[in-house]
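Open the model in your viewer and keep the selection tool at hand. This tour goes stop by stop: what to select, then what is there.

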Amino acid sequence: MDIVGHVLTARPAQQSSRMNGELVPRAIGTPRRTISRWRRLMDPESYGEAPRAHAESATASPDQELADPSIEAARISAEAAFSRPTYVYIPVAEPYEKDPVTRLQQRLSIISAELKSVTEAEYRSGLVGEALPPSPRLAEPEMLQQLLNNAVVAPERHAPEREQQQQQAEPQRERQVAEPPAPATPQPPPEAREQQHAAPPRLTDVKGVRPEGTGREVLLQGFNWESWRSPWFQHMADQAQEIASMGFTTVWLPPFTDSVSEQGYMPRDLYNLNSRYGSEHELIHCVRMLQQNGIKVLGDAVLNHRCAQHQDESGKWNRFGGKLSWDQRAIVGDQHEYGGRGNLSSGEFFDAAPNIDHSQPFVKRDLSEWLVWLREHVGFDGWRLDFVKGFHGSHVKDYLEASKPEFVVGEYWDSLAYQMDGTPAHNQDAHRQRIVNWIEAAGGLATAFDITTKGILHAVFERCEYWRLSDAAGKPPGLMGWWPSRAVTFLENHDTGSTQGHWRFPHHALEQGYAYILTHPGTPTVFYDHLYDSNAPNLRHVITRLIALRSRLGIHCRSKVKVVCSQRDVYAAEIDEKLVMKIGPGDFKLEGAVEEAHRYQPVDAGHCWTLWEKK
């Protein structure tokens, strides 16, 4: 969606052009002991961040970096394998306040789901620097719940329904009840439809929600801001085989319904699948062609808001058309410009359209039914959820439990922390904690775009401050460092780049950026425009090689990262003890940085990046 007025993370152009490589003064502190992912999930707020000291290293030019004969040989070998040049040097031009019992229950369910997806060896390897207790997976299934029951007082052992929890957490919110006027269409009112369908529909052919898919997904955003100007669904269907050959496992398609805006982010009639990108038939054909080539397909679902098609007696646009003929009760009660008569909003406002009240039972049932219909009729494998900051994550949990996607990612866009001089703060724990809070509110059933990592990468490449890629615990500083299986990393999308350019990634560093996210844990995302960038004609081949290496080495969303160097002009890390990657113009030597350095051989290289594989 268009994020004008919502993206607060970008900074003025004159600040983003600082490439002088000056060090920002930092205090020297003692690093904390390593905290495991399991303990951080139980109580992430308890772990703050101490400032770190970072040493400078000598700066080397790109030509000097590749002077090593073995690295140059690896580059030439990679070029020969793909029949393409490897590189060209380019001149540098808060959520609800929940009671402790509710928070503990949410974390318990999330940890239980995480433990089901890891092996005993992975669990133990995550407890670095701590005592190694027996894995909870070896105990009885009821053990985790018993721990919770023993930790709370008896009256609180049986939690109320989610809607009751929401009302208790915010007693000041009064439910606004008003009799709406008679519906303008002859269709039955929401109350009648509620009696006909007592519960949201459920898919029966899948076992449950798989937010991260197989864990080895590589996602392609398959459109940009101007894609609506051509028959895009047919175009993507024609490219299905090519996309699969590049190694992508999942494609995110643009919004697919009738919409007031050409791009599709102002939906109107949800059951009308004729959009500016193509007809309903072309959409289904596109999904089938991608799936026939082994690619999962994500639909861009806009649930936060919906445009009305009719006005009420006072001239306000609040009467919806089509199959879902809602009235004012479907609009949040504190959006007065649309005459909303629902409950108060549970999130932030999107001012350009009526914001939907997801606490209304008829809305919850109708949208759940719609998502299930899309899964079965169109064949979508999962969702990209637009502007999830507009409504509480518990509603997302309900929709995902109904539609059972095989992959889902939410757009929780939030502002990073900045210092008084406008530079990004090193400690972005509060920012990534808010994303974690939303995932927890959604029951851990969704992944989220790692906005934190994107913002940090901007500072790294715009200011030549590679020390930012390690937090106080020596881990990656974004969501990837705390909850990698729920982090979807990216450099650019239709809002930040394309013709909008609200927060454009430094173009000279695109190769380094992809070398980072395609070798690290999380689910990496590639922007469509970067595959066909006339200003970087070799970038597509670099991305293709990186995806192939990721697949061959089995790097996945839970892979283990060991940061071995984070200095002013160089960063290096070892992944799964199989791969060492280095980005930045500075010098880096394997000897003394990683164990068994003699077993690592250069496998690929490019503009300010090098990869070594263990033989």
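A helix here is a DSSP run of H or I of at least four residues, and helices are numbered from the N terminus. Keep in mind that this is a predicted model.

**Stop 1: a threonine in a helix**

Select Thr452. It lies in helix H16, residues 451-463. Is Thr452 buried or exposed? Its relative accessible area is 0%, so Thr452 counts as buried. Now show what surrounds it. Leaving out residues up to four places away in sequence, Thr452 touches Leu416, Gln428, His431, Arg432, Ile435, Pro477, Gly478 and Leu479. Add Asp414 to the selection. Thr452 and Asp414 are 38 residues apart in sequence, and their C-alpha atoms are 8.8 Å apart.

**Stop 2: the whole chain**

Zoom out and colour by secondary structure. The protein chain has 19 helices and 15 strands. Of its 615 residues, 59% are buried. Switch on the surface. About 25000 Å² is exposed, and carbon and sulfur atoms supply 52% of that area.

**Stop 3: the barrel**

Select S1, S2, S3, S6, S7, S8, S9 and S10. In the order S1-S2-S3-S6-S7-S8-S9-S10, they make a closed barrel of 8 strands with parallel pairing. Neighbouring strands of this sheet are turned by 30 degrees against each other on average, direction ignored.

Go to S6, residues 382-385. Which of its residues lie on each side? Gly382 and Arg384 are on one side, Trp383 and Leu385 on the other, and all are buried. That fits a general pattern: in a regular strand the side chains alternate between the two faces of the sheet.

Now look at the partners of S6:

- Strand S3, residues 296-301, runs parallel to S6 and is joined to it by 4 bridges. Ala301 stands opposite Leu385.
- Strand S7, residues 407-410, also pairs with S6 in the parallel sense, over 4 bridges. Here Arg384 has Val409 as its bridge partner.

Move along to S9, residues 487-489, and S10, residues 523-527. These two pair in the parallel sense over 2 bridges. Val488 stands opposite Thr523 in S10. Add helix H18, residues 510-517. H18 lies across S9 and S10, and runs at about 155 degrees to S10. Keep H18 displayed for the next stop.

**Stop 4: the open sheet**

Select S11 to S15. These 5 strands form an open sheet in the order S11-S12-S13-S15-S14, with antiparallel pairing. Which strands stand at the edges? They are S11, residues 561-566, and S14. Each has a single partner strand, so one side of each is left without a neighbour in the sheet. The twist averages 20 degrees from one strand to the next.

Pick S12, residues 571-575, and S13, residues 579-583. They run antiparallel and are joined by 5 bridges. Select Glu574: its bridge partner in S13 is Val580.

Bring H18 back into focus. H18 packs on this sheet, touching S12, S13, S14 and S15, and its direction makes about 155 degrees with that of S13. Helix H19, residues 539-553, packs on the sheet too. H19 touches S13, S14 and S15, and its direction makes about 25 degrees with that of S15.

**Stop 5: the hairpin**

Stay in this sheet and select S14, residues 600-606. S14 is mostly covered, with 5 of its 7 residues buried. Strand S15, residues 609-614, pairs with S14 in the antiparallel sense over 6 bridges. Gln601 stands opposite Glu613 in S15. The two strands form a hairpin with 2 residues between them. Click Cys608 in the turn: its phi is positive, about 65 degrees.

**Stop 6: the nonpolar cores**

Select Leu253, Phe380, Tyr514, Tyr571 and Ile583. These are the residues with the most contacts inside the largest nonpolar core, which has 123 residues. Centre on Tyr571. Its contacts include Tyr466, Tyr516, His520, Val561, Met581 and Ile583, not counting residues up to four places away in sequence. Apart from the largest core lies another, of 12 residues, among them Val570, Ala597, Tyr600 and Ala605.

**Stop 7: the cysteines**

Finish with the sulfur atoms. How many disulfides are there? With a cut-off of 2.5 Å between cysteine sulfur atoms, the count is 0. Select Cys286, which is buried at a relative accessible area of 0%. Then select Cys557, also buried, at 1%.

Conventions. Residues numbered from 1 in each chain as written. Predicted model: local features only at pLDDT ≥ 70, side-chain atom pairs only at ≥ 80, totals over all residues. Heavy atoms only, no water. Core = buried A, V, L, I, M, F, W, Y, C linked by side-chain atoms within 4.5 Å. Buried < 20%, exposed > 50% of the residue type's maximum accessible area, 1.4 Å probe, protein only. Contact = heavy atoms within 4.5 Å. Pairing = 2+ DSSP bridges. Areas by Shrake-Rupley, 256 points an atom, 1.4 Å probe, with all protein chains shown as cover. Axes fitted to C-alpha atoms, helices over the stretch in contact; angles between N-to-C directions.
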